[in-house]
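Trainee: I should like to go through this model with you, one part at a time. May I put my questions in turn?

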Amino acid sequence: TAPYAPLVRRIEAEASVDGQILRIDHFLNHRIEPAFIFELAHELAKRLSAFQPNLILTAEASGIAPALIVAQTLSVPMVYAKKYSRQVEAPALSRLIHSPTKGDDNRLVISGRYIKPGQRVVIVDDFLANGRTAAALIDMAREAGAQVLGAGFVVEKCFKHGRQFIESLGVPVSTLAQVEHLDNGRAILTQPRDE
Ligand code: G4P
Ligand code: NA
Ligand code: NA
């Protein structure tokens, strides 16, 4: 979980802070820079490869870009839980998640056809905040009989408690940038060593 210097530097130089939300829409959450996402996902894949997953699992929408490239790097398929189109081939796995940032509930749905008993699953997503999304993905994968070996996120908000929550479920967490706090419109990040 060491900070990945190129990401830390870009967040420090370019992110805007909107209350408790870190905005990096221009390279991760709205506009996508393929070369940079490739670099980030490649680094995450390196950290997750020891789990020898045979499936990467994420959620719509912002998880798809990094998860796809992690999956490609590790030569395994990627499945994303659907949030906007809830009809999937039966049997369906589904969980309701309360989103404090949006103030409403989201339903995530995965077709049980695409997660099989005994599969080795690794979760990938853009942000780890409270960890509710990741916990729902872990729970659905386990309901399908799969093993969840680890989880990787591009950005971790350390002042939320997602890491403790996910690790309490027996899933080790790896992240590329750790936001310690958001103060007066500024993001304070854990600093990379040797710089
Ligand atoms: P949790 O899943 O970790 O419990 O987090 P929470 O409910 O707090 O977050 C809900 C949504 O907001 C998630 O996106 C999450 O990625 C996003 N989010 C949380 N904190 C930040 C932040 O500081 N910056 C940005 N840009 N996003 C944040 P989602 O509901 O999965 O939506 P989508 O954008 O992937 O469709
Ligand atoms: Na997300
Ligand atoms: Na998001």
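**Ligand shell, central strand and helix**

Mentor: Please do. As a start, the shell around ligand 1 in this predicted model divides into eight nonpolar, ten polar and five charged residues.

Trainee: How many residues surround ligand 1, and which are the closest?

Mentor: The shell around ligand 1 holds 23 residues. The closest of them are Ser62, Ala129, Asn130, Arg132 and Thr133.

Trainee: Which elements give two or more residues to that shell?

Mentor: Two strands and a helix do so. They are strand E2 (21-23), strand E7 (120-128) and helix H5 (132-143).

Trainee: Is strand E3 covered or open, and which way do its residues point?

Mentor: Strand E3 spans residues 55-59, and five of its five residues are buried. In a regular strand, side chains alternate between the two faces of the sheet. In E3, Leu55, Leu57 and Ala59 point one way. The other way point Ile56 and Thr58, and both sets are buried.

Trainee: Which strands are joined to E3, and do they run parallel or antiparallel?

Mentor: E3 is joined to E7 by three bridges, and Ile56 stands opposite Val122 of E7. Four bridges join E3 to strand E4, residues 78-81, where Thr58 stands opposite Tyr80. E3 and E7 run parallel, and E3 and E4 also run parallel.

Trainee: What unit do E3, helix H4 and E4 make?

Mentor: Helix H4 covers residues 64-74. Together with E3 and E4, H4 makes a right-handed β-α-β unit.

Trainee: Why is H5 described as largely enclosed by the rest of the structure?

Mentor: Burial in this sense requires 20 or more other C-beta atoms within 10 Å of a residue's own. H5 is largely enclosed because nine of its twelve residues are buried. Those residues are Arg132, Thr133, Ala134, Ala135, Ala136, Leu137, Ile138, Met140 and Ala141.

Trainee: What distance does H5 reach from its first C-alpha to its last, and which residue with a positive phi follows H5?

Mentor: H5 has twelve residues, for which 16 Å is expected at 1.5 Å a residue. The distance reached is close to that, at 16 Å. The residue that follows H5, with a positive phi near 90°, is Gly145.

Trainee: Which domain does UniProt list for residues 34-157, and how far apart are the end C-alpha atoms of that span?

Mentor: The unreviewed UniProt entry lists "domain: Phosphoribosyltransferase" for residues 34-157. That span is 31% helix and 36% strand. Its end C-alpha atoms lie apart by 24 Å.

Notes
Residues are numbered from 1 along each chain as its sequence is written. Chains are lettered from A and ligands numbered from 1 in the order in which they are written. This is a predicted model: local features need pLDDT of at least 70, side-chain atom pairs count only at pLDDT 80 or more; totals for chains, interfaces and linings use all residues. A residue is near a molecule or strand if its C-beta atom, placed from the backbone, lies within 6 Å of it. Ala, Val, Leu, Ile, Met, Phe, Trp, Tyr, Cys and Pro count as nonpolar, Asp, Glu, Lys and Arg as charged, and the others, Gly among them, as polar. Two strands pair if DSSP finds at least two bridges between them. A crossover is right-handed if, with the strands pointing away from the viewer, the path from the first strand over the helix to the second runs clockwise. The expected span of a helix is 1.5 Å times one less than its number of residues. UniProt positions are given in the numbering used here, feature names are shortened, and annotations may be inferred rather than shown by experiment.
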